[in-house]
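I wanted to look through a structure piece by piece and write down what I found. These are my notebook entries.

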Amino acid sequence: MPALAPAPRWLWGSYLLFSDPAGRPRILLIEDDPTIAQMYRLQLELEEFAVVVAADGPTGLRAARLRPPELILLDLRLPGMTGLEVLTELKSEAATAATPVVVLSNYSDPSMVAQAIQLGATDYLVKSTTTPLDLAARVRALLSRD
Amino acid sequence: MSDVLHVLQAAVAASFVLLGVVALGEWLRERRSSSGWIALSIGMLGVVAGAGLVGTEIGAPNSPVISAIAVTAFVLSAYGLLRFRGTFIPLGPVVHRTALAALTAVLILELVLVWLPDALPHLVAAVAAALLVVAWSLSVADPVVRLALASRGLPSVQAARLRSLAAGFGGLIVIVLLAGIAPDLERRPYVAIAVELVALAMAPLLYASFAPPTWLRRIWRAREEERLQLAVRELILFSPTRRELAHRAAEWAMRLVGGDAALIADADGTPLAHEGLPPDRARELLEGTADGDDARIARTGGAAAQTAIVVPLDLSSGRGTLLVLAGPYTPYFGADELQRLNNYAIAIIAGLDRANLTERLAALERTKSEFLNLASHELRGPITLIRGYLSMLAAGSFGQIPDELTTVLPVLEAKADEMNSLIEQMIEAARLEEGRLELHPADTDLRELAQRVIDTIGPLATQTHQLILESTADEVRAYVDPERVSTILSNLLSNALKYSPQGGEVRLTLTADNEFAVIAVTDHGVGIAKEDLKTLFTRFGRISTRETQHIAGTGLGLYLSRELAKLHGGDLTVSSRPGLGSTFRVTLKRTVGGSSPAARAQPA
């Protein structure tokens, strides 16, 4: 199953150069665990979304700034820059402020959830209770709402 | 009038002689240089007073022998006081030599005048007398001022002792100066009586300075005692850490005995606190004072040997040490100081042991929080992947799966779900203990909720089980946290299935009155023995019997379920008959927290 291999690094760069040729909705997944990223990506791609994975906050921010995607999935525990910091940046910049951000984290503290929603997150999903199919359904629901 | 004066003079002389004797006695008892010098000084004052008295009694007040003795004693009293001051405010060698030379010179001059009153002109005699007064006054005034200054910041008893010594000698200086400057004045009877009265008043002051009676010491100490008790209380009850506590304790130990530096060492010999001395010296001191079982006064080793009080601290972790060093401003340490420090050490021991316990508890709390973090992340990560891929497999994301796999997949999924709910329960229990668990109540139909739980639990049932929902009404509305109530119900249902391995009916009954909703889960499984019911709801209180030991579980479920029910203003109870089955009964208040939309709910 070659699709299960972690996304190659160059893919993040390629995202900056061309839009999805098939015109599929673009999802930016900011997630540091490659196995988890790959799993969600697999299902999202099966359901006709274009997915790009960024393994840390700054990479994700750079990608979002150059070509704002239709939706951002954001992990909170990230190396270097935390997810909440990334969220704050995204919401403070004109180019990305309108892009819906869904937090996808294994933190489930009520205080953490409240903080993320307050910072402008559209939704908060706990990974361990969100199967890839759940996620794809949620993403579809959010995008069709607009 | 002269009779009164005579009696007074006799009283003054007698009291100073007595003082001298007592001072000598004190010195004989303690044999320290400081008490020796003060005994010399006061004893010589007694000799001066006694000489005057004897001279008057034998009718020869101007006898040269008596005069010589009086003058010599007078000069010696100043020198004694100066040396006393030197025992704890070191006397510079230049000052010492100058004072000694001046006093000796004046003494020799006076002795010459006593033996040969006509050998020198009258003017020289007057000058010599004036010099004597000046030399004496200066030699006494220096210690008086220095002792008064040094008394500041000392423990109250020492401060009071030094102050009364300073006041006593200060009064004597006034008398001597008055006699020296205006000898005529003293011939007037009233002035003479006043002078004698002042002299008489100085005697008890001086007495209090070197041998204060216990009652006086208690009065002096009273205010400080109050502060000490407060400090001890604070020490034992409130000091946050051992280091902080040791730091404060050392400071008070120093104050208590007027020491110059103090240190407290832990059972392993590391200094916990060192006040007024560098860490290197602290370590050196600890090595220098070999272990002993009792509190004692010791001399420290090294070039600059000092007196120290060493008190062993019998901590629960071993023997520590409290050590207080005498400083240049501290009068010698005595039995009183030793006793006080020994009593104080008991408080230090209690405090340090308590802080030890508090620190360990705090560390345990931290470990628990860290565990929560670990559970939420390190365990949730893998289970996310396992459940995710299983659901994708089942949904056909990887294409058609072989038939053999379709029978295995639901079991894998159910087991992964079970593991996930175990993890969630661990996190919930940890949150509950931290008091961080909050309910998110919403208007809920309990019947619908129960049905949903039964649907998700279904795959865990074997073919011999029948899951039955029974409700007295079509709809039972309550204002509860739906997720937490689901947790309770799925716990009870999965337990009922687990502990009835032979199968049978598992019945969920839902009833309600105006105030409470009651959900009962009944099985026909192995049941619970009476003696095991007590531990059933405690954390990790899983019961292991021959029938149940093969069944997996953490024992957290019932504990958590009951706590959640309690948060809903209700409870979780059980009735069971071994071998016949159990009934778990959850009561939930239909309106959590008083006001709620459930007020409009239909009573069932």
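The entries below go from each chain as a whole to the contact between the chains, and then to helices and single residues.

**Entry 1: the model and chain A**

I noted at the start that this is a predicted model. I began with chain A, where I counted six helices and five strands. How do they follow one another along the sequence of chain A? I read the pattern as α-β-α-β-α-β-α-β-α-β-α.

I then looked up burial: chain A has 146 residues, and 38% of them count as buried. For contacts in chain A with a separation of 6 or more, I found that 64% join residues 24 or more positions apart.

**Entry 2: chain B**

I went through chain B in the same way. Chain B has 16 helices and twelve strands. It has 604 residues, of which 35% count as buried. Among the contacts in chain B with a separation of 6 or more, 68% are between residues 24 or more positions apart.

**Entry 3: where the chains touch**

How many residues of each chain are in contact with the other? I found 16 residues of chain A in contact with 16 residues of chain B. On the chain A side, helix H2 (34-46) and helix H6 (132-145) each supply at least two residues. H2(A) gives the most to that side, with five residues. Sorted by class, the side of chain A that touches chain B has seven nonpolar, six polar and three charged residues.

**Entry 4: the length of one helix**

I checked helix H2 of chain B, residues 33-57, against its expected length. At 1.5 Å a residue, its 25 residues should span 36 Å, and I found the end C-alpha atoms 35 Å apart, so the two agree. Just after H2(B) I looked at Gly59(B), which takes a positive phi of about 75 degrees.

**Entry 5: H6 and H7 of chain B**

Next I took helix H6 (residues 156-181) and helix H7 (residues 189-210) of chain B, which pack at an angle of about 155 degrees with their axes 8 Å apart. Why do I call H6(B) and H7(B) roughly antiparallel? Angles over 145 degrees count as roughly antiparallel, and the angle here is about 155 degrees, so H6(B) is roughly antiparallel to H7(B). I noted the crossing of H6(B) and H7(B) as left-handed.

The residues that H6(B) brings to this contact include Arg161(B), Gly168(B), Gly171(B) and Leu172(B). Those from H7(B) include Val195(B), Val198(B), Met202(B) and Leu205(B). The residues of the contact divide into 13 nonpolar, four polar and one charged.

I added a reminder about helices for myself. An α-helix has 3.6 residues a turn, so residues three or four places apart point the same way.

**Entry 6: H14 of chain B and two partners**

I looked first at helix H13 (residues 446-457) and helix H14 (residues 482-498) of chain B, whose axes come within 9 Å and cross at roughly 50 degrees. H13(B) and H14(B) are therefore oblique to each other. Their crossing is right-handed. On H13(B) the contact includes Leu449(B), Val453(B) and Ile457(B), and on H14(B) it includes Val485(B), Leu489(B) and Leu493(B). By class I have nine nonpolar, four polar and no charged residues in the contact of H13(B) with H14(B).

I then turned to H14(B) and helix H16 (residues 556-567) of chain B, where the axes come within 9 Å and cross at roughly 145 degrees. H14(B) passes H16(B) in a left-handed crossing. Among the residues in contact are Arg484(B), Ile488(B) and Leu492(B) of H14(B), with Leu558(B), Ser561(B) and Leu564(B) of H16(B). This contact divides into five nonpolar, five polar and one charged.

**Entry 7: two single residues**

Where is Leu374(B)? I found Leu374(B) in helix H11 (residues 335-395) of chain B. Leu374(B) counts as partly exposed because it has 13 C-beta neighbours inside 10 Å. Leu374(B) and Ile427(B) are 53 residues apart in sequence, with 9.6 Å between their C-alpha atoms.

In chain A I picked Thr88(A), which is found in helix H4 (residues 83-92). Thr88(A) is partly exposed, with 13 other C-beta atoms within 10 Å. Thr88(A) and Leu119(A) are 31 residues apart along the chain, and their C-alpha atoms are separated by 6.3 Å.

Notes
Residues are numbered from 1 along each chain as its sequence is written. Chains are lettered from A and ligands numbered from 1 in the order in which they are written. This is a predicted model: local features need pLDDT of at least 70, side-chain atom pairs count only at pLDDT 80 or more; totals for chains, interfaces and linings use all residues. Two residues are in contact if their C-beta atoms, placed from the backbone, lie within 7 Å. Helices (H or I, at least four residues) and strands (E, at least two) are DSSP runs, numbered from the N terminus. Ala, Val, Leu, Ile, Met, Phe, Trp, Tyr, Cys and Pro count as nonpolar, Asp, Glu, Lys and Arg as charged, and the others, Gly among them, as polar. Axes are lines fitted to C-alpha atoms, for helices over the stretch in contact, and angles run from 0 to 180 degrees between N-to-C directions. Angles under 35 degrees count as roughly parallel, over 145 as roughly antiparallel, 65 to 115 as roughly perpendicular and the rest as oblique. A crossing is left-handed if the near helix is turned anticlockwise from the far one by less than a right angle, and right-handed if clockwise. A residue is buried if 20 or more other C-beta atoms lie within 10 Å of its own, exposed if 12 or fewer, and partly exposed in between; C-beta atoms are placed from the backbone. The expected span of a helix is 1.5 Å times one less than its number of residues.
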